[in-house]
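Thanks for sharing this one with me. Here are my notes, set out point by point for reading beside the structure.

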Amino acid sequence: MKKPTDATPPERKLPEDMTLGELVTLLEKEHANVIVPSILRLRELADRILKEHGCRYEGVLSALANELKSLERELHEHICKEEHELFPAALGLRETEEKGSRKSPVQFSVIPELQHEHENATDVFVRIRHLTGNYRLPEGGECLSGLYDGLRSLETTLLYHIGVEEKVLLPRAMKVAVGKGKL
Ligand SMILES: [Fe+2]
Ligand SMILES: [Fe+2]
């Protein structure tokens with residue numbers, strides 16, 4: 001595989017070639033610009049289709065809307081832990097601002113929780129694939145195509161993001177933690 005050169009912008013580098021700072025910046029951008037807005041958009045889309053075509057696809061749309069609502073709630077807490085605990089800890093910062101004023105120590109103890117939550121998020125897409133028949137539109141179900149395409153794309157993005165955190169970020173964070181006698 002071609003290696004990025006020094007002239008390659010940080011966002012074009014492979015995650016494994018990034019510094020911890022670049023990696024954290026990439027992951028935070030994905031949270032804010034892709035993952036959170038996509039879930040919100042798809043949840044609203046599922047609700048809208050449910051209103052307009054509810055009688056035909058009520059079962060699958062209600063189940064998908066519920067999966068998206070719980071994913072949104074769980075990822076909100078998950079992302080807060082990453083951005084306020086794990087990322088500052090991995091970057092070697094000693095404390096983090098909470099709501100602009102109070103400072104609390106950053107810690108690595110959230111790692112097992114984060115790993116468990118990654119498994120939960122992965123399971124959500126196993127259930128979504130089951131509900132949608134692997135994103136296959138039912139006969140005459142064109143009104144679902146935007147939602148199914150969006151779900152497939154969110155699955156790809158989110159599972160890649162989780163893979164980068166699991167395979168690149170967490171092992172490096174754990175090295176930092178071990179070096180500081182915290183794990
Ligand atoms: Fe993340
Ligand atoms: Fe994560």
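1. Is Pro 88 buried or exposed? Bear in mind that this is a predicted model. Pro 88 counts as buried because 20 other C-beta atoms lie within 10 Å, and the cut-off for a buried residue is 20 or more.

2. Where does this proline belong? Pro 88 sits in helix H1, which covers residues 20-90. A partner to look for on your screen is Gln 107: 19 residues separate Pro 88 and Gln 107 in sequence, while their C-alpha atoms are 8.2 Å apart in space.

3. Now for the overall layout. The protein chain contains three helices and two strands, and following the sequence gives the order α-β-β-α-α. Of the 183 residues in the protein chain, 17% are buried. If you take the contacts between residues at least 6 apart in sequence, 64% of them link residues at least 24 apart.

4. Helix H3 deserves a look of its own. H3 runs over residues 145-179, 35 residues in total. From first C-alpha to last, H3 reaches 50 Å, close to the 51 Å expected at 1.5 Å a residue.

5. Where along H3 does the kink lie? You will find it at Leu 169, with a bend of about 40 degrees, and the proline Pro 171 follows shortly after. Leu 169 is also one of the buried residues of H3. The others in that set are Leu 147, Leu 151, Leu 154, Leu 158 and Ala 173.

Note on methods: Residues are numbered from 1 along each chain as its sequence is written. Chains are lettered from A and ligands numbered from 1 in the order in which they are written. This is a predicted model: local features need pLDDT of at least 70, side-chain atom pairs count only at pLDDT 80 or more; totals for chains, interfaces and linings use all residues. Helices (H or I, at least four residues) and strands (E, at least two) are DSSP runs, numbered from the N terminus. The expected span of a helix is 1.5 Å times one less than its number of residues. The bend at a residue is the angle between axes fitted to the seven residues ending there and the seven starting there. A residue is buried if 20 or more other C-beta atoms lie within 10 Å of its own, exposed if 12 or fewer, and partly exposed in between; C-beta atoms are placed from the backbone. Two residues are in contact if their C-beta atoms, placed from the backbone, lie within 7 Å.
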